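The exercises below ask you to read a structure step by step, with a worked solution after each task. Please keep the sequence and the 3D view open while you work.

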Amino acid sequence: MKVYKYGANVDTDVIIPARHLNDPSPAALASHCMEDIDADFASTVEEGDIIVAGPNFGCGSSREHAPLAIKSCGVKCVIAPSFARIFYRNAINIGFPIVECPQAAEEIQAGDQVEVDFSSGTITDVTTGKTYKAAPFPEFIDGIIQSGGLLNSLKERGVAK
Amino acid sequence: MGMTMTQKILAKAAGLDKVEPGQLIEARLDLVLGNDITTPVAITEFEKAGFTQVFDKDKIAIVLDHYTPCKDIKSAQLCKQAREFAHKHQITNFFDVGQMGVEHALLPEKGLCAPGEVIIGADSHTCTYGALGAFSTGVGSTDMAAGMATGLLWFKVPSAIKVTLKGKLQPHVSGKDVILHLIGEIGVDGALYQSLEFAGEGVASLSMDDRFTISNMAIEAGGKNGIFPVDEKTMEYINGRVSRPCEAFSADPDAVYDREVVIDLDKLEPTVALPHLPENTKTVSEVAGTPINQVVIGSCTNGRIGDLRIAAAIMKGKKVAGNVRCVVIPATQEITLQAMKEGLIQTFIEAGAAVSTPTCGPCLGGHMGVMAEGERTVSTTNRNFVGRMGHTTSEIILASPAVAAASAIAGCVADPRAV
């Protein structure tokens, strides 16, 4: 569960460039994920790895292809001080965990081994031995994540045909 | 504690008397929008979830505008999927090639957005309709699927930044300069999770096209939406376009704002944003002479008739510099026709510009103006991220139609007041 670290304002155009949006299959999106800022990412990322980044992660376009690309790579979660709002809701809506924790985002370094316990919001940097606590999601949002995404939660509530 | 305009619209749509910043609500939707990139993902999710019916075939708009007329086979497949879904569910407001325009110019023109409405779109620039006093915001494809199925969506009620506009714009200064200046002041996450609420005596002097441009780029400051008060110009715009009843909301006198930003329109200069963030703003005079290879005039930000008039007035009787390709893209068919009637298209072609059918094309590096390694474009679009319009080493300078037109003629970044 190694960490990939990026700076502030990582935009959706570098997470998944628009030239690849003509094929929204998860495998295709994963193969081009982050390629404009980190050409090695897609070929080296492994199941369970974590992205740590600066503020306003996922700014720009509304493309849900961005969290989908990251999720499809096997990335476990993204930790950042803040997320652009459309990326934030897209991640929640597809059931992909994101964690807002400024201190962890600042201190965790690339290559560190990191574990995240979502139920308690505890982030552990195994490499440095430090632990961090993220604020839990509000109950409503946690419910969407627990259902496995927005559409599942709507089905459970029986509000659509 | 009073409510902002945005909060009042959301409260009503959620069936509540009052909402507070941070409150999670479920609001009734007046319109759900998607394009040829985001709709197919929404359709896949909609069908995967087992939904079989849309909540209201008249309250969904699907606009095939991004990679159209289709640039390749994969894009054509996406359009085919959207087209088949639209036909199957008898979507009233489905716009294919020939009728379509750049969505955020098209929907207001067709009367699909009105004051007080709640509009979501699986496109980040859906915030454009705030210019009409609507609450409108960009969402993702799963949100679009949920909206199409239920007509409802969850929102976190935003707190607000009040943007007070004073004075009046000077010649060759427009809405684009206002919004670029604001983003430069507060940064690309300056309004994160917040609404931008425009106010002040300066609003009255802004044309609707200026207001659309300003609201359009609220997202570039991280904003949830960017909303204008409803005045005579708004009513004049919707008159003849919107026949259904609508409600003009206004902020309570004691509405609470996190902060206030004041912009003196009298003093505003033509402004540009240098690579690779919209917050990297300079006045055009600071960067005049910067070499360029291309100029793009169009997009949901600046492809309206007012934008084309400004550009044509500067280009009339002149020639695009030999080192520059200039691409002009009227945002809708109606705008194209109007530009033809006024002789603007002739002006562009005689100047040596290429004029395209409506498309988002170059703005997102799709087609109709993609850049090679190391090239630089002055563009009236909205984003200048790394690789946005082509090769990762290419660069975008965001500018107004006046600066773009002046730059096309000069062959380098140029001040429209000096051409």
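## Exercise 1: The fold of chain A

In chain A, 65% of the contacts with a separation of 6 or more are accounted for by residues 24 or more positions apart. The model is a predicted one, and every value below is computed from it.

**Task.** Describe the secondary structure of chain A, and state how its radius of gyration relates to the globule rule.

**Solution.**
1. Begin with the inventory, which for chain A comes to eight helices and seven strands.
2. Turn then to the radius of gyration, which is 15 Å and close to the 15 Å that the globule rule gives for 161 residues, so chain A is as compact as a globular protein of that length.
3. Add the extent of the C-alpha trace, which spans about 50 × 40 × 25 Å along its principal axes.
4. Finish with burial: 50% of the 161 residues of chain A count as buried.

## Exercise 2: A sheet in chain A

**Task.** In the open sheet of three strands in chain A, work out the order of the strands and say whether the pairing is parallel or antiparallel.

**Solution.**
1. As background, strands of a sheet pair through backbone hydrogen bonds, either parallel or antiparallel.
2. Here the order is S5-S6-S7 (chain A), and the pairing is antiparallel.
3. Strand S5 (114-117) and strand S7 (130-133) of chain A are the edge strands, since each of them pairs on one side only.
4. From one strand to the next, the twist averages 15 degrees.
5. For the pairing in detail, look at S5(A) and strand S6 (residues 122-125) of chain A, which run antiparallel and are joined by four bridges; within this pair, A:Val114 stands opposite A:Asp125.

## Exercise 3: Chain B and a covered strand

**Task.** Give the overall description of chain B, and then determine which residues lie on the two faces of strand S6 (residues 135-138) of chain B.

**Solution.**
1. Chain B has 14 helices and 18 strands, and its C-alpha atoms fill a box of roughly 60 × 50 × 40 Å along the principal axes.
2. Its radius of gyration is 20 Å, which agrees with the value near 22 Å that a compact globule of 419 residues would have.
3. Of the 419 residues in chain B, 63% are buried, and among contacts between residues at least 6 apart in sequence, 77% join residues at least 24 apart.
4. In S6(B), B:Phe135 and B:Thr137 lie on one side and B:Ser136 and B:Gly138 on the other, and as these residues are all buried, both faces are covered.
5. Strand S5 (residues 118-121) of chain B runs parallel to S6(B) and is joined to it by four bridges, with B:Val118 and B:Phe135 as bridge partners.

## Exercise 4: The core and the contact between the chains

**Task.** Identify the residues with the most contacts inside the largest nonpolar core, and then find which helix of chain B gives the most to the side that touches chain A.

**Solution.**
1. The largest nonpolar core has 200 residues, and those with the most contacts inside it are A:Ile79, B:Leu10, B:Met148 and B:Ala405.
2. Helix H14 (residues 401-410) of chain B gives the most to this core, with eight residues.
3. Following B:Leu10 outward, and leaving aside residues up to four places away in sequence, one finds that B:Leu10 touches B:Val19, B:Ile25, B:Ala27, B:Phe135, B:Phe155 and B:Val157.
4. The contact between the chains takes 45 residues from chain B and 40 residues from chain A.
5. On the side of chain B that touches chain A, helix H2 (38-48), helix H3 (73-88) and helix H5 (141-150) of chain B each supply at least two residues, and H5(B) gives the most, with seven residues.
6. By class, this side of chain B has 21 nonpolar, 15 polar and nine charged residues.

## Exercise 5: Unusual backbone geometry

**Task.** Locate the cis peptide bond between B:Thr68 and B:Pro69, and describe the backbone and surroundings of B:Tyr193.

**Solution.**
1. Recall that most residues other than glycine have a negative phi, and most peptide bonds are trans.
2. The cis bond joining B:Thr68 and B:Pro69 has an omega of about -20 degrees, and B:Pro69 lies in the loop between strand S3 (60-63) and H3 of chain B.
3. B:Tyr193, although not a glycine, has a positive phi of about 65 degrees, and it is found in the loop between helix H6 (175-186) and strand S9 (194-199) of chain B.
4. B:Tyr193 has 18 other C-beta atoms within 10 Å, so it is partly exposed.

Note on methods: Residues are numbered from 1 along each chain as its sequence is written. Chains are lettered from A and ligands numbered from 1 in the order in which they are written. This is a predicted model: local features need pLDDT of at least 70, side-chain atom pairs count only at pLDDT 80 or more; totals for chains, interfaces and linings use all residues. Two residues are in contact if their C-beta atoms, placed from the backbone, lie within 7 Å. Ala, Val, Leu, Ile, Met, Phe, Trp, Tyr, Cys and Pro count as nonpolar, Asp, Glu, Lys and Arg as charged, and the others, Gly among them, as polar. The radius of gyration is taken over C-alpha atoms; the globule rule is 2.2 Å times the number of residues to the power 0.38. A residue is buried if 20 or more other C-beta atoms lie within 10 Å of its own, exposed if 12 or fewer, and partly exposed in between; C-beta atoms are placed from the backbone. Two strands pair if DSSP finds at least two bridges between them. Axes are lines fitted to C-alpha atoms, for helices over the stretch in contact, and angles run from 0 to 180 degrees between N-to-C directions. A nonpolar core is a set of buried Ala, Val, Leu, Ile, Met, Phe, Trp, Tyr and Cys residues joined through C-beta atoms within 7 Å.
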